[in-house]
Each structure stands twice: as structure tokens, then as C-alpha cells.
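Visitor: I should be grateful for a close look at a single part of this model, with its pairing partners and its degree of burial.

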Amino acid sequence: MNIETIREYCLSLPAATEDFPFDETTLVFRVSGKIFAMIDLENTEWFVLKCDPEYALELREHHPEITGAWHMNKKHWNQINLFGLLTDELIRTLIDHSYHLVFKKLPRKTREEILANTHGLHNS
């Protein structure tokens with residue numbers, strides 16, 4: 001996957017938004033103000049996603065392209081090397097996983113409002 005495909009996919013998720021809160025090159029994707037993905041537009045080799053801690057360890061053991069995210073809590077964030085051998089399907093699954101982790105922590109009312117205004121969440 002390339003950055004434009006990733007961007008389009010992230011923004012296709014219900015209530016997903018994008019912004020540059022840190023600098024002019026770090027593109028952040030959010031749901032209801034909470035970050036679920038990041039990519040540096042100057043170094044598009046790496047893409048950062050939230051991940052369940054146990055699943056993160058499993059992914060890192062099986063895929064050399066997936067490591068603990070630099071400058072982030074490595075227990076909860078992975079960085080994905082987009083120039084490795086990961087399939088687009090796996091990358092989309094990891095994006096969905098990250099989104100769902102953040103979504104399920106939102107207040108119930110917020111989740112209900114998002115679901116009421118969309119056709120549902122992508123399958124993960």
C-alpha cells in the first residue's frame with residue numbers, strides 16, 4: 001500500500017478525520033479526536049498504528065516489518081514498514097484493528113452517534 005491508498009482507507013472509516021497536530025509532515029488520523037494512525041509524509045516507509053499489546057507482540061514475532069513504534073508507547077503502538085512483504089489485506093486489517101481499539105474506548109453516546117450516522121464499521 002502507498003500513502004494515498006492508506007489515507008483513503010483511513011478516511012473511509014466512520015467519522016475518521018485527518019490533521020497535522022505535531023508539525024507539517026506528520027499526518028494523523030483520528031476518530032472523535034482520538035488518534036488511531038500516523039504517518040510522516042517525509043518518510044513514508046513507516047506507518048504507525050495502535051495495537052492490542054498481546055497481538056502487537058505476536059505480529060512483531062511473525063513479521064519483521066512490524067516493530068514497536070519509535071517515540072510512542074511500544075506496548076500499544078506498532079510501526080509498519082510499508083516497503084516490506086506485508087499484504088495490502090493485512091495492512092487494512094491492522095488499520096481496522098487500530099480504529100476499533102480507539103472506537104471501543106469512546107463514550108457510549110459518541111459511539112452510538114457515529115454508528116447512527118454511518119452504514120456501520122468495516123469488518124476487522
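Guide: What follows is an account of one strand and its two neighbours. This is a predicted model, in which local features need pLDDT of at least 70 and side-chain atom pairs count only at pLDDT 80 or more, while totals for chains, interfaces and linings use all residues. Residues are numbered from 1 along each chain as its sequence is written, and side-chain values use heavy atoms, with hydrogens and water left out.

Helices (H or I, at least four residues) and strands (E, at least two) are DSSP runs, numbered from the N terminus. Strand 2 covers residues 26-31, and six of its six residues are buried, so the strand is largely enclosed by the rest of the structure. Buried means under 20% relative accessible area, exposed over 50%, and partly exposed in between (1.4 Å probe, protein chains only). In a regular strand the side chains alternate between the two faces of the sheet. Here Thr26, Val28 and Arg30 point one way, Leu27, Phe29 and Val31 point the other way, and all are buried.

Two strands pair if DSSP finds at least two bridges between them. Strand 1 (residues 16-19) pairs with strand 2 in the antiparallel sense over four bridges, and Glu18 stands opposite Phe29. These two strands form a hairpin with six residues between them. Strand 3 (residues 34-40) is also antiparallel to strand 2, over six bridges, with Met38 as the bridge partner of Val28. The hairpin of strand 2 and strand 3 has two residues between the strands, and Ser32 takes a positive phi near 50° there.
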